[in-house]
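Subject: Structure handover, aromatic contacts

Hello,

I am passing a structure on to you. Please have a look at it before reading my notes underneath.

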Amino acid sequence: MKRRQFVTGVAAAAGVAACSQESVECAGGGSTAQQTFEWNLVTSWPPGLPGLGIGVENLASRIEKASNGRLKIKIFAGGELVPALEVLDAVSRGTVQMGHDSAYYHRGKVPAAQYFTTVPFGQTVHEINAWLYYGGGLELWRELYQPFNVIPFPAGNTGVQMAGWFNKEINSVDDLKGLKMRIPGVGGEVMQRAGASQITVPASEIFTALQTGAIDAAEWVGPYNDIALGLHKAARYYYYPGWHEMGPMLQCTINLDAWNSLPADLQEIVSNVCQAINVDMMAEYTWGNAVALEQIRANPNVELRPLPDDVLRLLKKLSEEVISDMAAKDEWAARIKASFDEFQRIVIPSQRIGELAYMNAREL
Ligand code: CA
C-alpha cells in the first residue's frame, strides 16, 4: 500500500520522506496544520473488554481530543478486520495504520519480541517501564521492528497476572505432566518442558475450550479480565502468582509510512497519549482486579490457591533454560538479553530494599 493511501486531505503525499525511520522526534512529513488523518486500528482483544479493550478506546479518544479532531482512529476488535493474532502483520503490510496487541504473539516470526511483553520470572511493571524508557529497552525494540516497517510504543500493562484457571489440582511437579494448557509465549514453552502441552487459542475461545475439556487449564490475565470472559464458570482452581507474566507490556504499533506522514505535533500527541495509557491501564487493572478478586473469594465454586514452592522452583529453573536457549539460537534475543540482564542486575537489589521490603513490612 502506498503512503498516500494512509492520509486524507490535500497535499497528503508531499514531502513525507524527510523523516528518518527510527527517529521519534523527527520533523514530521511537512503536512499542514489543517490536514486531517483517519486511521484504522486493529486489536487482538474481544470488543469492550475491560482493561485492554477500554485502554484502546481511551487511546483513540484521547488522541482525537488532543489533536482537535485532526487524527481520528477507528478501532476494530480481534478478528473483525484481521485475525486476532495477526495484528503486527496487518500494521507491517500497511493494511491498517495502527495496532494494539502483545509483542509475544509474534515470537514465531520474531523470537526476541518476547522480551517486549515479558519473559517468565522477569520484570515487574515498574521494572519494564524503567528498562524501556530509561534503560535502553525501547531503542532496542524500535530497532528490532524496523525491518517490519513498524514503530512500537509501550501502551499498557496488566501488572502481575494469575497462574491461571485449572480443572486439575497442582500439588506437585508431577501434576504438570500431561496437562493441556492454554498459555502463550515462552511461558508455554516452559510448561511444555515441565511435561504439559501448550495450546494457543485467542481470548474469545478460552471459555469454550476450558468448559468442553479441550484444555485442562488456561491463563488469561487476572480477576478483572478473567471474570469478564466467565472463566470462573469453566474451572474450579484459580492459581497464583503469574510467574510467566509479572508485568506484561502491551504494544501500540504504527506503520512507519503512516507515522512519517504525521506532522511533528501529531507525532508528539500520539507518543504522549501512548505513555498516558500505559499508566492509566495499570491503574484500571489495580482497582479492577481488587474488586473482581473480592467476588471470586465469595464464590463457593472457586478455590484460590498458591502454586506450591517446588512447582515454582522447577518453573523458574526451566524458564532460565528456555531463555538461554533462545539467546543461543537468535542473535537479537542474545543482544536484548544482555541489556535486560544488565538492567536487572542493577535494579533488583534496589527493588529488594524498596518495593519488596515495604510489601513484606506491611504484612507484619
Ligand atoms: Ca496472560
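The notes below cover the aromatic side chains.

Please keep in mind that this is a predicted model. It holds 13 aromatic pairs, and two of them are described here.

In one pair, the ring centres of Phe-116 and Trp-131 are 5.5 Å apart, and the planes meet at 5 degrees; planes under 30 degrees apart count as stacked, so this pair is stacked. Phe-116 lies in the loop between strand 3 (98-101) and helix 3 (125-134), while Trp-131 belongs to helix 3. With their positions 15 residues apart, the pair links distant parts of the chain. Phe-116 and Trp-131 are both buried.

Another pair is made by Phe-166 and Tyr-239, and its arrangement is edge-to-face, with 5.2 Å from centre to centre and 85 degrees between the planes. This pair also links distant parts of the chain: Phe-166 is in strand 5 (residues 164-166) and Tyr-239 in strand 9 (residues 237-240), 73 residues apart. Phe-166 has a relative accessible area of 3% and Tyr-239 has a relative accessibility of 1%. Buried means under 20%, so Phe-166 is buried and so is Tyr-239.

Phe-116 and Trp-131 appear again in an aromatic cluster, together with Tyr-115, Trp-141, Tyr-145 and Phe-340.

One contact involves a charge: the charged end of Arg-142 sits over the ring of Phe-153, at 4.6 Å from the ring centre.

Regards

How values were computed: Residues are numbered from 1 along each chain as its sequence is written. This is a predicted model: local features need pLDDT of at least 70, side-chain atom pairs count only at pLDDT 80 or more; totals for chains, interfaces and linings use all residues. Side-chain values use heavy atoms; hydrogens and water are left out. Rings of Phe, Tyr and Trp (its six-membered ring) pair if their centres lie within 6.5 Å; planes under 30 degrees apart count as stacked, over 60 as edge-to-face and the rest as tilted. Helices (H or I, at least four residues) and strands (E, at least two) are DSSP runs, numbered from the N terminus. Buried means under 20% relative accessible area, exposed over 50%, partly exposed in between (1.4 Å probe, protein chains only). A charge sits over a ring if NZ of Lys or CZ of Arg is within 6 Å of the ring centre and within 35 degrees of the ring normal.
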